[in-house]
Amino acid sequence: MTTMVATLRGAETTISDEDLEELRAAVRGDVLTPGDPGWAEMRPPYNAMHPGRPALVVRPTGTADVVAAITFARERQLLVAVRGGGHSIAGLSSVDGGMLLDLARMDGVEVDPLARTVHVQAGALVGDMDHETQAFGLVAPNGIVSDTGVAGLTLGGGEGWVRRKYGMAVDNLLSAQVVGADGHVRTASAESEPDLFWAIRGGGGNFGVVTSFTFRCHPVGPTVAFAGVFHPVEDAEDVYRRFRDWAESAPDEVSAMIGCTTLPPSEHTPPEVHNTPFVVTAAVHSGDPDAGMEVLGPLREIGTPLVDISGPLPYAGVQSAFDEFFRRGTLRSYWKSTYVEHLTDPIVDILVDRARNRPSARTFVIAFLMGGAINRVPVEETPYSERSANWMVSFDGNWEDPADDERVISWVRGAWGQVHELGTGTLYLNFTGVADEATTVGVESAFDKANLQRLEEIKAHYDPDNFFRLNNNITPASYDGRASAT
Ligand SMILES: Cc1cc2nc3c(=O)[nH]c(=O)nc-3n(C[C@H](O)[C@H](O)[C@H](O)COP(=O)(O)OP(=O)(O)OC[C@H]3O[C@@H](n4cnc5c(N)ncnc54)[C@H](O)[C@@H]3O)c2cc1C
């Protein structure tokens with residue numbers, strides 16, 4: 001028996017049973033081919049549009065396994081996908097025919113409460129990290145859905161409910177361990193491999209496999225002030241404007257968003273909104289919960305809501321509030337985001353029109369309030385480059401039937417184009433879908449020009465042959481496009 005695996009050159013190579021045995025002997029984790037026991041139990045990717053069909057899967061238990069897997073793949077020039085949490089909107093959680101390095105078994109999290117840091121293995125999910133940090137009343141800034149991977153989220157920037165007080169995930173990264181294309185393990189921090197450390201704070205999975213992260217934590221929770229107010233979509237015009245007016249002068253403790261969608265009945269949402277298109281305004285105050293509820297008060301006085309579920313809530317509960325609506329493998333997703341300086345009236349008009357005319361029930365039209373601590377970081381400090389916009393607008397196309405692919409995708413592109421031309425010209429790579437686009441889509445717009453040039457130079461140093469290419473791909477400076485295949 002042999003296994004055929006896709007190569008970097010777009011061909012296939014034969015992996016013999018002896019080769020597989022060699023790999024199995026080198027790793028403590030799993031080495032699986034389709035149909036092996038354990039194959040069906042793997043954590044699937046989120047995006048049903050991109051399930052992937054890997055020919056070979058390695059599920060490492062630690063850095064040593066990652067080194068063995070990367071060395072094995074590199075020697076044979078295999079096409080490799082790296083899966084942290086598997087939530088890639090772009091469909092980069094898997095590969096067709098190649099080798100998948102699935103980090104799901106590496107989900108350890110350890111908090112140092114005295115130093116206020118957390119050490120996280122790269123297969124951990126946001127919920128794994130929150131669970132441990134909240135035991136100490138701490139938070140490491142990350143995302144707002146607990147099932148998302150810490151790794152991909154962080155490598156692309158990472159925005160969540162404490163972003164305006166404490167910044168993006170990348171702004172709180174202290175160090176990471178990285179296995180390079182050469183199989184070497186490096187510690188990336190301000191003192192060690194500073195260029196690599198700079199590059200992974202927004203440059204994605206281009207520079208190697210991150211096996212663990214250490215983040216700075218902040219005292220937040222276990223209870224936080226939360227506002228969640230649902231309005232009929234008919235009131236969108238008034239609600240979007242009044243929310244905008246309130247949000248733009250909110251203190252840094254407040255991270256807020258406004259969104260429109262329709263959700264199926266669930267015990268986690270009030271009956272008033274089941275199967276009813278709604279506009280929701282939502283906010284978290286990261287300070288004292290009672291004082292926070294006062295600050296969020298005006299948000300609750302907008303219009304005549306369908307229902308108001310605001311109140312002090314466990315931070316971990318807020319973090320998992322949306323989970324149920326994003327179950328892995330259930331939705332096809334194509335999202336596009338763009339940053340705007342302000343939610344001007346013309347932009348609000350577009351959002352309201354699009355909110356009322358969504359192409360599928362589960363499509364979201366969202367505006368995230370950004371700014372605060374995020375915008376106090378100099379642009380050159382991290383590759384993640386958007387440090388001036390006050391808002392990120394995201395059109396999140398979600399649907400179930402493949403027959404709707406073209407219709408929803410073209411709606412998302414159209415809506416995005418309308419707002420993008422009124423914005424800063426930048427976008428968020430973590431919210432960038434891929435349908436028939438190349439994986440380089442959005443890369444030029446995501447980064448400041450000087451930052452992109454520096455990323456290309458660092459890529460050329462650490463991965464000159466573009467071995468790590470199934471990501472929001474950064475072309476190595478002077479790259480001639482030919483992988484050095486044997
Ligand atoms: C339902 C949902 C909610 C989301 N909410 C938020 C949010 O609140 N805030 C936010 O900022 N983003 C959010 N995102 C976007 C999310 O940040 C990106 O999709 C991110 O890429 C997911 O990371 P992952 O590890 O789960 O994904 P994966 O698919 O595992 O990885 C995504 C990319 O990162 C690379 N990668 C993953 N792990 C590693 C590693 N250890 N080393 C090197 N490269 C690696 C992969 O190769 C791939 O290119 C959300 C996405 C979804 C689907």
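## Polar contacts with the ligand

A polar contact is a pair of N or O atoms within 3.5 Å; within protein, one atom must be able to donate a hydrogen and the other to accept it, and residues adjacent in sequence count only if both atoms are side-chain atoms. Y428 offers an N or O atom of its side chain, 2.6 Å from an oxygen atom of the ligand. The protein buries 96% of the 950 Å² that the ligand exposes when taken alone. Such accessible areas come from the Shrake-Rupley method with a 1.4 Å probe, and for residues only the protein chains shown count as cover.

Backbone atoms take part too. An N or O atom in the backbone of G86 sits 2.8 Å from a ligand oxygen atom. In V210, a backbone N or O atom lies 2.8 Å from a nitrogen atom of the ligand.

## About the model

This is a predicted model, where local features need pLDDT of at least 70, side-chain atom pairs count only at pLDDT 80 or more, and totals for chains, interfaces and linings use all residues. Residues are numbered from 1 along each chain as its sequence is written, and side-chain values use heavy atoms, with hydrogens and water left out.

## The shell around the ligand

The ligand has 35 residues around it. V82, G84, S93, E159 and Y428 come nearest. A residue is near a molecule or strand if one of its heavy atoms lies within 4 Å of it.

The shell divides into 18 nonpolar, 15 polar and 2 charged residues. Here Ala, Val, Leu, Ile, Met, Phe, Trp, Tyr, Cys and Pro count as nonpolar, Asp, Glu, Lys and Arg as charged, and the others, Gly among them, as polar. β5 (80-83), α4 (150-156) and β12 (209-216) each give the shell at least two residues. The largest share, 4 residues, comes from α4. Helices (H or I, at least four residues) and strands (E, at least two) are DSSP runs, numbered from the N terminus.

## A buried asparagine

N172 sits in the loop between α5 (163-166) and β10 (173-179). N172 counts as buried because its relative accessible area is 1%; buried means under 20%, exposed over 50%, partly exposed in between (1.4 Å probe, protein chains only). Its side chain reaches the backbone oxygen of M168 at 2.9 Å. Beyond neighbours within four places in sequence, N172 is in contact (heavy atoms within 4.5 Å) with residues including P141, Y166 and H218.

## Backbone features in loops

The peptide bond from G221 to P222 is cis, with omega near 5°. P222 lies between β13 (218-219) and β14 (223-232), in a loop.

R116 is not a glycine, yet its phi is positive, near 55°. R116 is partly exposed, at 39% relative accessible area.
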